[in-house]
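Please open the model in your viewer and keep the selection panel at hand. The tour moves from one selection to the next, with a short account of what is there at each stop.

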Amino acid sequence: MVYSEILLATFSALIYPGLLFLVVLGLLTQWYMRKLVGRLQNRIGPKYVGPLGIAQPFADVIKLVFVKEKLSSKGRLDRLLILFMTLGLGALSSAMLFTPISPYVIRGGYDVIAFIYLMIWSTIAFAVIGLSSSNPFTIAGSSRFLTQILFAEPALIISILAATIALTKNSTTPLSIYSSAAYFQISALIAAVLALSFISFFLATIAKTLIKPFDIPEAETELAGGLLAELSGPTLGLAIVFHYSEIAFLALITTMIFLGGPYPFNYGDALGMAVFIVKYVLLLTLMITVKASVGRVRVEQAVSMIKYVILTSVTALILATVF
Amino acid sequence: MDVLELTLIASSLMLLVALLTYLSYAAVKKGGSSQNLSEPYLCGESVDDFKNSISVGSTNLYWGATSAILSRFYKVLRDEIHTGVLNDWFFYMCIWLVLGVLLSFITISMS
């Protein structure tokens with residue numbers, strides 16, 4: 001790699017579409033979620049900071065990280081906690097470089113393997129949040145999260161494999177995230193595979209990001225916040241940033257791979273960008289509507305629901321592989 | 001790029017971002033946390049009650065999967081795979097991944 005490439009790669013990982021972009025988009029996503037859930041529940045939602053309260057999530061995180069004191073509890077492994085959260089953020093930022101919106105693109109045949117490897121990091125990082133504390137509530141939260149993820153993560157992986165197989169069947173770079181997103185095409189078979197894998201990926205995303213009805217790992221009423229029970233001040237700020245960056249990342253990937261990104265236009269067009277944003281917002285709206293419409297399910301209910309999600313993704317994979 | 005090369009580049013960038021985030025966080029929040037130690041938050045329960053159970057037993061993990069649907073499968077999980085170590089869980093997840101990758105390789109070889 002020459003110096004200019006290294007600089008471009010560093011810029012992409014740290015600024016756009018990496019760390020800074022993901023954090024800002026994640027917090028804007030949080031604002032949209034809070035506002036829409038508020039409206040759906042006949043509340044106003046964030047209101048005071050910035051126009052329509054859009055800067056409220058930023059103000060919350062700045063307050064938690066810069067103003068609140070650093071507090072720890074006995075038996076908590078603070079450094080491990082911070083290390084894994086930063087590794088999770090690093091993995092998400094790095095994974096964004098596989099997409100066509102990045103100035104420096106990591107691409108090649110079978111790059112979906114490295115992409116999946118990076119996606120798994122964020123799951124591990126989130127589980128470690130609970131496991132790094134000695135509090136029984138957080139550990140129980142983590143064990144519930146791992147139980148849920150035991151079924152959600154395979155569904156996530158299989159559906160992304162099915163989509164990339166179908167989309168890059170005639171490509172010179174098979175199983176490539178970049179090629180799947182950049183050279184999006186549609187046919188009857190691809191539409192069937194994408195529809196099935198989208199349903200599966202969407203539900204697995206909800207389970208992975210602890211959105212209702214799959215939010216039992218952080219149930220406030222019985223686990224006092226579960227995974228996040230012991231976090232406060234700066235660590236809570238970092239956990240919020242990490243969590244919403246992950247939601248934004250998964251929503252972006254869903255928009256690019258399963259919904260075609262700017263299709264029928266191209267990346268870089270003004271119209272393409274508008275279509276992309278509309279699809280992203282619609283996806284979030286769907287996610288939030290589910291969140292506001294349903295109640296929390298128990299772990300075994302969640303697991304027996306998610307096992308059908310795996311079946312859907314396996315059907316998509318068989319369709320993509322055989323035909 | 002081949003898979004190895006792009007994995008190395010992606011992992012290096014991941015570590016770079018993680019390192020810079022960690023250092024920025026450490027710079028913002030200087031000083032040890034030992035001055036501000038509190039008891040674990042237990043909703044008013046006595047800490048002494050939990051001294052012997054600060055980690056959840058392996059039977060508690062995956063209980064949802066077992067009681068309802070996959071009790072025999074769970075038995076294998078509990079006895080063979082799940083030992084309470086995060087690595088073992090990660091290993092189990094890798095089996096899923098390898099299965100997916102194998103299927104994709106079969107596809108490529110067929111096409």
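Begin by colouring chain B by pLDDT, the predictor's confidence in each residue, from 0 to 100: among the elements of this chain, H1(B) has the highest mean value, 91, and H2(B) the lowest, 54. Over the whole of chain B the average pLDDT is 74, and 60% of the residues score at least 70. Where pLDDT is low, the predicted coordinates should not be read in detail.

Two notes on conventions belong here. This is a predicted model, in which local features need pLDDT of at least 70 and side-chain atom pairs count only at pLDDT 80 or more, while totals for chains, interfaces and linings use all residues. Residues are numbered from 1 along each chain as its sequence is written, chains are lettered from A and ligands numbered from 1 in the order in which they are written, and side-chain values use heavy atoms, with hydrogens and water left out.

**Chain B on its own**

Stay with chain B and switch to a cartoon view, where 4 helices and 1 strand make up its secondary structure; helices (H or I, at least four residues) and strands (E, at least two) are DSSP runs, numbered from the N terminus. Followed along the sequence, the elements of chain B come in the pattern α-β-α-α-α. Chain B has 111 residues, of which 28% count as buried, where buried means under 20% relative accessible area, exposed over 50%, and partly exposed in between (1.4 Å probe, protein chains only).

**Where chain B meets chain A**

Now select the residues of each chain that touch the other, taking contact to mean heavy atoms within 4.5 Å; the selection should hold 58 residues from chain B and 78 residues from chain A. Between them the two chains bury about 6100 Å², 79% of it on carbon and sulfur atoms, buried area being the accessible area (1.4 Å probe) that two parts lose on being put together, summed over both.

On the side of chain B that touches chain A, the elements that give two or more residues are helix H1 (3-28), strand E1 (37-38), helix H2 (63-68) and helix H4 (86-110) of chain B. The largest share of that side, 17 residues, comes from H1(B). By residue type, the side of chain B that touches chain A divides into 42 nonpolar, 14 polar and 2 charged residues, where Ala, Val, Leu, Ile, Met, Phe, Trp, Tyr, Cys and Pro count as nonpolar, Asp, Glu, Lys and Arg as charged, and the others, Gly among them, as polar.

How many salt bridges are there between chain B and chain A? The count is 0, a salt bridge being a side-chain nitrogen of Lys or Arg within 4 Å of a carboxyl oxygen of Asp or Glu.

**Chain A and its salt bridges**

Turn to chain A, whose secondary structure comes to 12 helices and 1 strand. Buried residues make up 63% of its 323 residues, and of the contacts in chain A with a separation of 6 or more, 77% are between residues 24 or more positions apart.

Over all chains the count comes to 5 salt bridges. Select Asp60(A) and Arg34(A), whose side chains meet in one of them (3.0 Å, N to O); because Asp60(A) lies in helix H3 of chain A and Arg34(A) in helix H2 of chain A, the pair ties together parts that are 26 residues apart in sequence. Asp60(A) is partly exposed at 23% relative accessibility, and Arg34(A) is partly exposed at 30%.

Next select Glu246(A) and Lys208(A), which form a salt bridge through their side chains (3.8 Å, N to O). Glu246(A) belongs to helix H10 (residues 233-258) of chain A and Lys208(A) to helix H8 (residues 188-208) of chain A, so this pair ties together parts 38 residues apart in sequence. Both Glu246(A) and Lys208(A) are buried; add Glu153(A) to the selection to see a network of salt bridges that links Glu153(A), Lys208(A) and Glu246(A).

A further stop is the salt bridge between the side chains of Lys212(A) and Asp215(A) (3.3 Å, N to O), where Lys212(A) is partly exposed at 27% relative accessibility, whereas Asp215(A) is buried at 5%.

**A last stop in a loop**

Finally, select Ala55(A), in the loop between helix H2 (19-40) and helix H3 (56-67) of chain A. Ala55(A) is partly exposed, with a relative accessible area of 25%, and, not counting residues up to four places away in sequence, touches Val49(A) and Gly50(A).
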